[in-house]
Amino acid sequence: MTEHGPDQPEQTTGPAQSGVAAAAPATATAAAPAPSPAERNGKMVLRLADVHTYYGHIHALQGVSLEVREGEIVTLLGSNGAGKTTTLKIISGLLHPREGKVEFEGDDVSRVPPHELVRRGIGQSPEGRRIFSRMTVMENLQMGAFSRPDRRNLKGDFDRVFELFPRLAERRSQAAGTLSGGEQQMLAIGRALMSRPRLLLLDEPSLGLAPILVAQIFSIIREINAQNTTMLLVEQNALQALNIAHRGYVLQTGQIVLGGQAADLRENAMVRKVYLGEM
Ligand SMILES: Nc1ncnc2c1ncn2[C@@H]1O[C@H](COP(=O)(O)OP(=O)(O)OP(=O)(O)O)[C@@H](O)[C@H]1O
Ligand SMILES: [Mg+2]
């Protein structure tokens, strides 16, 4: 993980925002943020309602509820073992809730298998990247388009990915296993984009990257979002994630303990202490 020191918040005299749902009240926030897509009442893309799941006897998710609306970047923060990857697996259909419900674009998808969810529009860049290391960059990207119903205009999708990640274009014929960590991360995101997801799930895209690459990845994530892709971003890099997200949730041992506007979470005392390392 990339370490970063606590940044100083911008001090303003504006009123405290009221969007944080629990724990310590938010202190004064920076100038009022632009209305988020949720505040503009975007269409509901994803909804988890009271989701419980287990690994054997381990009660990994203990009633997780969250929402993502069209156009949003929502970040899911939490320490190691909190249940972030498990939550993404529930959404992508790799795990099914024992109790509770997952809705995608209004449909109950709690029991829908992963390949069908990709077809319906959920793309994922998984934890640990999971690229095919013996295949070339091009072949990896092709795999991403595999389950898409409409495979016309693949060229347009390659162009888009290579525009976002020029480094991948230079290395298109190179075996993916020989790419650097940062390039592999770009490939994992690029591959997910090839399925033209309407909801993109990203599991710790900044993990293990040098600070300059972290900044680059976050700015590309923002750009992908600006091109109309709704996102759920799992991160331990709380500050950077909250800087690009509209809203966020904090997960602790399988439970959502806090949720609200990103600007409010950035100022929240508990978030600053636990995730930004401030005492
Ligand atoms: N396949 C598994 N079998 C048993 N327990 C598991 C399995 N996968 C995860 N767990 C447990 O479930 C809990 C949540 O794990 P999860 O991988 O979702 O955490 P995470 O928030 O993604 O953590 P990290 O930041 O380390 O990736 C942990 O206690 C973990 O040990
Ligand atoms: Mg994880």
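**Entry 1: the chain as a whole.** I began with burial, and of the 279 residues of the protein chain, 44% count as buried. I keep in mind that this is a predicted model. For the secondary structure I noted 10 helices and 10 strands in the protein chain. I then looked up the contacts between residues at least 6 apart in sequence, and 68% of them join residues at least 24 apart.

**Entry 2: the mixed sheet.** I traced an open sheet of 6 strands, whose order is E6-E7-E8-E3-E9-E10 and whose pairing is mixed. Strand E6 (122–125) and strand E10 (255–261) stand at the edges with a single partner strand each, so one side of each is left without a neighbour in the sheet. From one strand to the next the twist averages 15°.

I then followed some of the pairings one by one. E6 and E7 run parallel and are joined by 4 bridges, and here the bridge partner of Ile122 in E7 is Leu199. E7 and E8 also run parallel, with 5 bridges between them, and Leu200 has Met231 as its bridge partner in E8. Strand E3 (residues 73–77) and strand E8 (residues 230–235) run parallel over 5 bridges, with Leu77 standing opposite Glu235 in E8.

**Entry 3: strand E7.** I asked myself which residues point one way from E7 and which the other way. Leu199, Leu201 and Asp203 point one way, Leu200 and Leu202 point the other way, and all are buried. This fits the count for the strand, in which 5 of the 5 residues are buried.

**Entry 4: helices across the sheet.** I found H1 lying across E3, E6, strand E7 (199–203), E8 and strand E9 (247–252), and running at about 150° to E7. Helix H6 (residues 181–193) lies across E6 and E7, and its direction is at about 170° to E6.

I also checked how covered H1 is, and 8 of its 8 residues are buried. They are Lys84, Thr85, Thr86, Thr87, Leu88, Lys89, Ile90 and Ile91, so that I list two lysines and three threonines among the buried residues of this helix. After H1 comes Gly93, whose phi is positive, near 85°.

**Entry 5: the nonpolar core.** The largest nonpolar core has 66 residues, and those with the most contacts inside it are Leu187, Leu199, Leu201, Leu202, Leu232 and Leu233. H6 gives the most to this core, with 6 residues. As background I noted that nonpolar side chains tend to be buried together in soluble globular proteins.

Which residues does Leu199 touch, not counting residues up to four places away in sequence? I listed Val45, Leu46, Val68, Gly121, Ile122, Thr230 and Leu232.

**Entry 6: the antiparallel pairings of E1.** Two of the residues that Leu199 touches, Leu46 and Val68, led me to E1 and E2, where Leu46 stands opposite Val68 in E2. Strand E1 (residues 44–55) pairs with E2 in the antiparallel sense over 9 bridges. The hairpin of E1 and E2 has 2 residues between the strands, and in this hairpin Gly56 takes a positive phi near 60°. E1 also pairs with strand E4 (residues 99–104), again in the antiparallel sense, over 5 bridges. The bridge partner of Leu46 in E4 is Phe104.

**Entry 7: the shell around ligand 1.** I looked up the 13 residues around ligand 1, of which Tyr55, Asn80, Lys84, Thr85 and Thr86 come nearest. By class the shell has 4 nonpolar, 7 polar and 2 charged residues. Where does the largest share of this shell come from? It comes from H1, with 3 residues. Strand E2 (58–69) and helix H1 (84–91) each supply at least two residues of the shell. I noted again that Lys84, Thr85 and Thr86, which are among the residues nearest to ligand 1, are also among the buried residues of H1.

**Entry 8: a proline in H5.** Last I turned to Pro166, which is found in helix H5 (residues 166–170). Is Pro166 buried or exposed? I have it as exposed, because 10 other C-beta atoms lie within 10 Å and a residue with 12 or fewer counts as exposed. Pro166 and Met186 are 20 residues apart in sequence, and from C-alpha to C-alpha they are 9.9 Å apart in space.

How values were computed: Residues are numbered from 1 along each chain as its sequence is written. Chains are lettered from A and ligands numbered from 1 in the order in which they are written. This is a predicted model: local features need pLDDT of at least 70, side-chain atom pairs count only at pLDDT 80 or more; totals for chains, interfaces and linings use all residues. A residue is near a molecule or strand if its C-beta atom, placed from the backbone, lies within 6 Å of it. Ala, Val, Leu, Ile, Met, Phe, Trp, Tyr, Cys and Pro count as nonpolar, Asp, Glu, Lys and Arg as charged, and the others, Gly among them, as polar. Two strands pair if DSSP finds at least two bridges between them. Axes are lines fitted to C-alpha atoms, for helices over the stretch in contact, and angles run from 0 to 180 degrees between N-to-C directions. Two residues are in contact if their C-beta atoms, placed from the backbone, lie within 7 Å. A nonpolar core is a set of buried Ala, Val, Leu, Ile, Met, Phe, Trp, Tyr and Cys residues joined through C-beta atoms within 7 Å. A residue is buried if 20 or more other C-beta atoms lie within 10 Å of its own, exposed if 12 or fewer, and partly exposed in between; C-beta atoms are placed from the backbone.
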